[in-house]
Amino acid sequence: LMKFPRFFVLVLVAILFFNCSKEETPIKNPAPEEPSGQEPVEEEPEPIVFFTFTVDESYETSAEDNWIILHDTNGELLDYRPYESGQTLEFEALESELTDKINVSLFNKKLQQLGVSSELCEGEKYSGTTYPAVSKGSHWTQGKYVTRLDKGPSKEVLGNFNLNLTNVPREYNFINDETPTLDNGNVSTVHLPDVHSGKTTITIGDTKTYIRNGVRNWQDTEYLMTTMNESMNFKYMFFNNPEVGKDVTLDYNSFNSFDSYSYLPMLPENKKISLELLGFENETSFKTDTGFLLLTIFGRKIPEMRVPLGYLDRFTHYKAYLNISFENYFYNYYMLGPKPDISVIPEKPQLDYSIDQLNGFDLMVDVPYVRRKDSWVTPGPVSMETCSTTVWDVVCDQDNYPIIGELPEELFTQYPKLKKLQDLTYYSSTIYLQSENYQEFLIKEFDPTFDHIIKYGEKQEYYYLYNK
């Protein structure tokens, strides 16, 4: 047999190998994995931002300590932090740990001086306010907001002058004055009441002369003087500033009656009233607070007479403020824009409760109201040894009085004289009969987009009642 040379054997092997490598290699499917018997891993829930608190640069915090404290509606403490002007704080928690609403408390500590007998004591004042039923996810801004438009620069003061009011009937005693106790009538310009330095009264026969000393002489300025006597005769006169070094003399017989009057209702028996009425010539003067002072009565006991309010056709806007003090309570009213519409002084609300603790306070009020503020204070009189006080307010309506849990222990450690909420004494309630409701109040207080410039038609009426 012939034997193949070694060369041909190698060639044949190479050809066979080459042909085999050109054939496609079949793709095999991976074998299914055997189940491991473990449950799939669930993702951990992410916390959400449930409240944001911004402190505007306009809110000054350098002279006091400020804290924000958050509870849920069951009184459980959620979070708390100190804050300073310019900060924005975000508070996070798991959705499952939150209630739909939260209670927000703002707390601050500042130094105070209190009069004890004839001495002054120095201590600390701790103040807190709780706002219940705040929506989860809210963003509040705390700030000091401008409520008036800029009135521009005042005119130049050329010195002072004396204002002499002659021919006042001897039996007339005026009850209005922008300075308490002087009762010398009201004098004002469009920029401000002109507070004088004193008065002299000269009586001759059946008449007397009032001399008002030290009235500022504003350049190119119109003045208004009004007088109201004890018989409720209410009159006015305009005059212009005098030449430098000259005085002004007005004759009471030339004073005018107002173009129209309205009258307060017959006032109930009271300790004293304070009343103020201002007139403005247009919307701009109303919003810049450049109006004339028509009437100011400071803390006088008014007999059973109806007090007149006088109006002039040149005025389109008014501001009226009334405060009546009674034993252990007072009534307050104001109207901005329209003429005041006080047709009746409402009856004092009757308060009833069975629990006088801050937590669980079950106040019942016998009249409808839009919101209220209840206040608690440190019990007992202040002394030189106990000059620090704690005050806590709750702002709410009829339906959302809160459960306030314990304050953070860190506060009591940092402020050893701070009283616990359960140790405070019920002090007073403010019952708002007419004003913003609770939700509107929160918007006005903490929404930076709210227009805080005064508006025509703003009105407020409330009773402040001490717990006596």
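## Charges and surface

In this predicted model, the protein chain carries 41 positive and 71 negative charges, and the mean positions of these two sets are 4 Å apart. The accessible surface of the protein chain comes to about 25700 Å². Carbon and sulfur atoms account for 51% of that surface.

## Overall form

Let's turn to the fold as a whole. The protein chain has 4 helices and 27 strands. Its radius of gyration is 38 Å, well over the 23 Å that the globule rule gives for 468 residues, so the protein chain is more spread out than a compact globule. The C-alpha trace tells its own part of the story, spanning about 175 × 55 × 45 Å along the principal axes.

How much of the protein chain is buried? Buried residues make up 45% of the 468 residues. Contacts are worth a look too: taking those between residues at least 6 apart in sequence, 71% join residues at least 24 apart.

## Strand S25 and its partners

Strand S25 covers residues 389-396, and 7 of its 8 residues are buried, so this strand is largely enclosed by the rest of the structure. Which strands pair with S25? One of them is strand S6 (residues 119-135), which runs parallel to S25 and is joined to it by 6 bridges. Within this pairing you can find Thr129 of the chain standing opposite Asp393 in S25.

Another partner is strand S24 (residues 371-377), which runs antiparallel to S25, again with 6 bridges. Here Lys373 has Val395 in S25 as its bridge partner. As a general reminder while you trace these strands, side chains in a regular strand alternate between the two faces of the sheet.

## Strand S26 and its partners

Strand S24 also pairs with S26: the two run antiparallel and are joined by 7 bridges. For a landmark in this pairing, take Val377, whose bridge partner in S26 is Thr425. Strand S26 spans residues 425-434, and 7 of its 10 residues are buried, so S26 too is largely enclosed by the rest of the structure.

S26 pairs in the antiparallel sense with strand S27 (residues 459-466) as well, over 6 bridges. In that pairing, Thr430 stands opposite Tyr464 in S27.

## Two positive phi values

If you like backbone geometry, two residues deserve a visit. Most residues other than glycine have a negative phi. Ala133 has a phi near 55°, a positive value in a residue other than glycine. Ala133 sits in strand S6, the strand that runs parallel to S25. Is Ala133 buried or exposed? With 19% relative accessibility, Ala133 counts as buried, because the cut-off for buried is under 20%.

Met232 has a phi near 70°, which is likewise positive in a residue other than glycine. Where does Met232 lie? Its place is the loop between strand S12 (222-228) and strand S13 (234-240). Met232 has a relative accessibility of 10% and counts as buried.

## Phe107 and its surroundings

Phe107 belongs to strand S5 (residues 101-116). At 1% relative accessibility, Phe107 counts as buried. Which residues does Phe107 touch, not counting residues up to four places away in sequence? They are Asp65, Asn66, Trp67, Ile69, Tyr126, Ser127, Gly128, Trp392, Leu411, Tyr415 and Leu418.

Tyr126 gives a handy distance to check: its C-alpha atom and that of Phe107 are separated by 7.3 Å, while the two residues are 19 residues apart along the chain. Among the other contacts of Phe107 is Trp392, a position that falls within the residues 389-396 of S25.

## Two partly exposed residues

Asn359 is found in the loop between strand S22 (351-352) and strand S23 (364-365). With a relative accessible area of 34%, Asn359 is partly exposed. Leaving aside neighbours within four places in sequence, Asn359 is in contact with Pro402, Ile403 and Ile404. Asn359 and Leu421 are 62 residues apart in sequence, and their C-alpha atoms are 8.0 Å apart in space.

Glu440 takes its place in helix H4 (residues 438-446). At 41% relative accessibility, Glu440 counts as partly exposed. How far apart in space are Glu440 and Gln350, C-alpha to C-alpha? The distance is 25 Å, for a separation of 90 residues in sequence.

Technical notes:
Residues are numbered from 1 along each chain as its sequence is written. This is a predicted model: local features need pLDDT of at least 70, side-chain atom pairs count only at pLDDT 80 or more; totals for chains, interfaces and linings use all residues. Side-chain values use heavy atoms; hydrogens and water are left out. The radius of gyration is taken over C-alpha atoms; the globule rule is 2.2 Å times the number of residues to the power 0.38. Buried means under 20% relative accessible area, exposed over 50%, partly exposed in between (1.4 Å probe, protein chains only). Contact means heavy atoms within 4.5 Å. Accessible areas come from the Shrake-Rupley method with a 1.4 Å probe; for residues, only the protein chains shown count as cover. Lys and Arg count as positive and Asp and Glu as negative; His and the chain ends are not counted. The place of a charge is taken as NZ of Lys, CZ of Arg, CG of Asp or CD of Glu. Two strands pair if DSSP finds at least two bridges between them.
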